[in-house]
Amino acid sequence: LGEEFRNKIYAVLTSNFGSIPEPGIDGDQRITVLIHQMRQDAGGYFNSGDVYSRLQAPRSNEREMVYLSAGYVTSSKLRSALAHEFLHLITVNQKDLLQKVTEEVWLNEARAEYTPTLLGYDDAYAGSNLETRVRAFLDNPTISLTEWLNSGSDYGAVNLFAQYLVDHYGVRILADSLQSSKVGIASVEEALQKQGVKKSFSQVFAEWAIALLVNDCRLGDRYCYLNQNLLALRIVPTLYFLPRTETILSTVHGTTHWALNWHKFVGGGSNFSLEFDGQDLSDFEVPYLLCDTANRCSVNFIALDAQQKGGLTLADFSQRYKSLTILPFIKSKTEGFNGAETSFIFSWRAAV
């Protein structure tokens with residue numbers, strides 16, 4: 001592992017993302033890796049306080065170091081765990097020490113989660129970190145990207161978002177956002193602008209949500225993954241079958257900022273209408289995917305008023321269309337994500 005770190009991990013990650021504190025608080029160029037027993041589901045961790053003196057951080061080890069689980073010593077994911085934690089060491093230098101800002105957890109973890117893929121450790125998909133994260137995400141796909149509860153699904157969501165960003169904007173999107181004086185969503189938008197991409201974070205998020213649903217480049221080059229190990233990835237939306245007889249169906253759902261939701265409608269009679277109502281004092285976006293009977297699909301958005309209400313009507317629904325899928329999400333909050341988030345309500349009413 002030491003040879004792998006010296007010959008590959010250190011070189012690749014510092015050349016892409018920037019330097020660590022050198023020589024740092026201890027005046028030593030070397031990096032300490034401490035291997036010790038941890039809880040079973042942990043591969044390692046990083047303590048940002050270690051780069052400060054004990055006067056600033058009383059529990060500091062006053063050195064550049066990362067921690068790995070003794071249970072991972074014989075694991076095929078040992079290199080991935082070291083790369084992940086080492087990226088956190090780079091991050092504390094690039095953000096905290098150089099820019100005097102602290103990165104939001106979700107984006108900090110997203111960059112670290114991408115490092116095994118960048119280093120080629122996810123190329124053999126079976127047993128890889130990427131496979132583990134995909135499985136965790138699919139166990140709970142309707143999860144917030146930015147709310148951090150330290151669950152396996154949280155890691156899965158940020159990993160797949162980082163994979164999507166790099167597939168479409170290159171690894172520089174992660175590096176530029178890291179070296180920005182901004183954090184979180186604002187740093188991603190700044191990195192997009194640096195590439196000349198005139199998109200808001202909410203646009204990219206909506207395109208990612210659609211990519212998770214269809215993963216098909218034929219619908220549009222932004223609605224798919226390019227990573228060969230993710231070509232078959234597709235979530236299963238919540239499905240509602242509408243009868244041909246006169247019917248009204250309504251539901252109420254809870255969600256948080258930047259959480260993923262997919263609601264798919266099939267069947268139905270000649271005329272179909274959908275009314276959406278989001279909680280007041282929030283800011284919803286409702287993209288939808290409409291597929292005709294020849295499986296030609298188009299993307300559009302439901303226009304919402306100031307009370308977060310909107311709708312659409314489709315004539316000859318069952319004769320012309322195969323399905324309608326709405327993907328509502330809240331985009332009100334754009335900063336200050338550091339744990340559990342407030343839940344909001346949205347409802348819809350479908351009528352045939």
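Start by selecting glutamate 285, which sits in strand β8, a strand covering residues 284-285. Keep in mind as you go that this is a predicted model. Is glutamate 285 buried or exposed? Its relative accessibility is 18%, and because buried means under 20%, glutamate 285 counts as buried.

Now show the side chain of lysine 331 as well. The side chains of glutamate 285 and lysine 331 are joined by a polar contact of 2.8 Å. To fill in the surroundings, add the other residues that glutamate 285 touches: leaving aside residues up to four places away in sequence, the set is Ser202, Phe301, Leu327, Pro328, Phe329 and Lys331.

**On to the helix**

From that set, pick Ser202, one of the residues touching glutamate 285, and extend your selection to helix α8, residues 201-214. The helix has 14 residues, and from its first C-alpha to its last it reaches 20 Å, close to the 20 Å expected at 1.5 Å a residue. Try colouring α8 by accessibility: 13 of its 14 residues are buried, so the helix is largely enclosed by the rest of the structure. While the helix is on screen, a reminder for reading its faces: an α-helix has 3.6 residues a turn, so residues three or four places apart point the same way.

Next, step just past the end of α8 to asparagine 215. What phi does asparagine 215 take? The angle is positive, about 45 degrees.

**The disulfides**

Continue along the chain and select cysteine 217 and cysteine 224. These two form a disulfide, with their sulfur atoms 2.1 Å apart. Look along the S-S bond: the angle about it is 90 degrees, and the link is right-handed. The two ends have their own settings. Cysteine 217, at 41% relative accessibility, is partly exposed, whereas cysteine 224, at 0%, is buried.

How many disulfides does a search of the whole structure find? The total is 2, so for the other one, select cysteine 291 and cysteine 297, which are joined S to S at 2.1 Å. This link is right-handed too, with 105 degrees about the S-S bond. Here cysteine 291 is buried at 6% relative accessibility, while cysteine 297 is partly exposed at 27%.

To finish, display both pairs together and follow the chain through them. With the bonded cysteines numbered in sequence order, the pairing reads 1-2, 3-4.

Note on methods:
Residues numbered from 1 in each chain as written. Predicted model: local features only at pLDDT ≥ 70, side-chain atom pairs only at ≥ 80, totals over all residues. Heavy atoms only, no water. Disulfide = S-S within 2.5 Å. Buried < 20%, exposed > 50% of the residue type's maximum accessible area, 1.4 Å probe, protein only. Helix = DSSP H or I, 4+ residues; strand = E, 2+ residues; numbered from the N terminus. Polar contact = N/O pair within 3.5 Å; in protein donor to acceptor, adjacent residues only side chain to side chain. Contact = heavy atoms within 4.5 Å. Expected span 1.5 Å × (residues − 1).
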